[in-house]
Amino acid sequence: MKRSIYSFLVTLVIMTGCTKGFLDINQDPYHPEKTSLNRLLPTAEQGLSYALGFTNDNRGARGLTEVLSVYTHQVVVREVQDQYGADGSQFDINGAWKGMYSSSPAQVGADILGCLQNLEVIITQGTEEGNKVYTGIAKILKAYAISQMVDVFADVPFSEANKLASDGIRFPKYDKGAEIYPKLFALLDEGIADLTADAPNTAVPEVDDIIYNGDTDLWTKAGNSIKLKLYNQVRLVQNVSTQVNALIADDNLISSTDESLLMRYGKGTSPDDRNPGFNDYYAGQKTHYQSPWFWEIMKGYNKRIFTGNPDPRVPYYFYRQLTVDDPAQSPVEYRDGGFLSILFGSVGPNRDWSQDQSMTVFGIYPVGGRYDDGEGEKIDGSSATGAAPYKFLTYADVLFIEAELMQAGVIAGDPRAKLSAAMDESFKMVDFVVSLVGNTQTVPTLSGAAAADTYRDKVLAEFDGKPAAGRLEIIMTEKWINAFGSSVDAYTDYRRTGYPVLFNPKDPTQAPGGRFQPPINGDPFNPVQPPVQVQLSRAYPLSLPWSVDDLNVNTNAPAQKQPASYPVFWDK
């Protein structure tokens, strides 16, 4: 018996000595410890857009624009972000935080890690393998992603974040935003240098780079444009003239519509790769009302700005399910012909009625929905493609940034001419998005159309008649309009500059006696629309609350903040 056991052990030793990995029974071949860079990069890129964009809970995509589009008064919802009520337990905030930082599966699918975790692996693994194009892209994306988190949350994990595998850090500290920003400029410089570094580059990104298809020239332009954006954001607390003028002189920024930094969504439904904001087209209960404040500014109703100057982008931005002659399915709070919505801060009696078949929804520009041809068709998932991109940083954004810098005297140039170019480019971006959406409708070209030229010329005439502050307001309001569908930078711009002027239920010029007046004759079934009672019980949040999920598990996390009194460092 002993001889038999001895013979078995000898045989086992020989077998294990000759068969590498024979006893590696804890390694799952379907979930390897190391994966290829061309699988990590598209996951990181898509994860970044999920964390910043709209929320689609059916897909697990949860993004900051879900909250910030309400805070920048382009969308109205009944959820807690109304009246600035989002807290750290808000699932969009928790989901976006996990989508950025998680080192375990997050967002969509069981194998998708947080964006920053994937980028960290690309940087480490790409450096080891000598694949510097991958590391350059990852560093640029990491700098951009962290900058967005600082801009929204003020202080966030950075120096110790996603260091579990390399340094064994389970609970990263929260770094001050003012300490993080200088390191982001350095990281961008490193990334740009890596793109053209002398390295083996045995693997280079191609179609797996779903933003630029591995084009290092475009990634260099994107990196420089991100630097310009960040320098502009800190200009009130730091002299950035030298750095900004060097970037302008180098003339290597995003410089055409198709060079814009975008996450291009598709038309597929299985798996679903459509823009998360397209969810309302097939959702059983629609949640995103289009802000009447936004609508009235674009329609030329606002008495402060662009008065009597209707924006030709309206039918691309909003889709009305009603014609003027259609009755709504429920009692109405706010109606303007076929446009139906509710008000921010409303406590009116008609706020909570179901209006799924009547409410105005996103159009073709922000989420790949329908162009509004005035027919008032009811929408469903087959009404459009949902293939609109998430806009990280567009050429129009770059032009608006340059116009702001010129108006502030940081760089030389004519801010009026730059504003004009920025508006023309914003029209081109609408046409570009329409081409990506590939809608079956006949959609007219906007750029160069008479209505677009007339609108631009009237805005420029208004610009000419304003003092410096009024001119900045026009620049920032046009930039805000262009940003529809991606609200992080709009939130940043408002806190930096105070523009655009947003709806405030406590402002007696906007809501006298706490009541907002819809268009008197806006509802043909209610000849005199009554004013709606609105209220606001919170101050404007200077940053978002931190994720409660992280505070509950991270022993190095701070105590929860008071958002109304916790500004980002650049907010002078």
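Begin with helices H5 and H6, which are roughly antiparallel to each other, since angles over 145 degrees count as such and this pair packs at an angle of about 150°. Please keep in mind throughout that the model is predicted.

To bring the pair into view, select residues 115–129 for H5 and residues 132–153 for H6, whose axes are 9 Å apart. If you turn the view so that one helix lies in front of the other, the crossing to look for is left-handed.

Next, show the side chains where the two helices meet: on H5 these are Leu116, Leu119, Glu120, Ile122, Ile123, Gly126 and Thr127, and on H6 they are Tyr134, Thr135, Ala138, Lys139, Leu141, Lys142, Ala145 and Ile146. Coloured by character, the residues of this contact divide into nine nonpolar, three polar and three charged.

Now move to Gln81, in the loop between strand E1 (75–76) and helix H4 (91–101). Is Gln81 buried or exposed? Its relative accessible area is 1%, and Gln81 is therefore buried, the cut-off for that term being under 20%.

With Gln81 still selected, display two polar partners of its side chain. A polar atom of that side chain lies 3.0 Å from the backbone oxygen of Glu66, and the side chain of Gln90 makes a polar contact with the side chain of Gln81 at 2.9 Å.

Finally, widen the selection to the residues that Gln81 touches, leaving aside those up to four places away in sequence: Glu66 and Gln90 appear again, together with Val67, Val70, Tyr71, Ala86, Asp92 and Phe344.

Methods: Residues numbered from 1 in each chain as written. Predicted model: local features only at pLDDT ≥ 70, side-chain atom pairs only at ≥ 80, totals over all residues. Heavy atoms only, no water. Axes fitted to C-alpha atoms, helices over the stretch in contact; angles between N-to-C directions. Helix = DSSP H or I, 4+ residues; strand = E, 2+ residues; numbered from the N terminus. Parallel < 35°, antiparallel > 145°, perpendicular 65-115°, else oblique. Left-handed = near helix turned anticlockwise from the far one by under 90°. Contact = heavy atoms within 4.5 Å. Nonpolar A, V, L, I, M, F, W, Y, C, P; charged D, E, K, R; others polar. Buried < 20%, exposed > 50% of the residue type's maximum accessible area, 1.4 Å probe, protein only. Polar contact = N/O pair within 3.5 Å; in protein donor to acceptor, adjacent residues only side chain to side chain.
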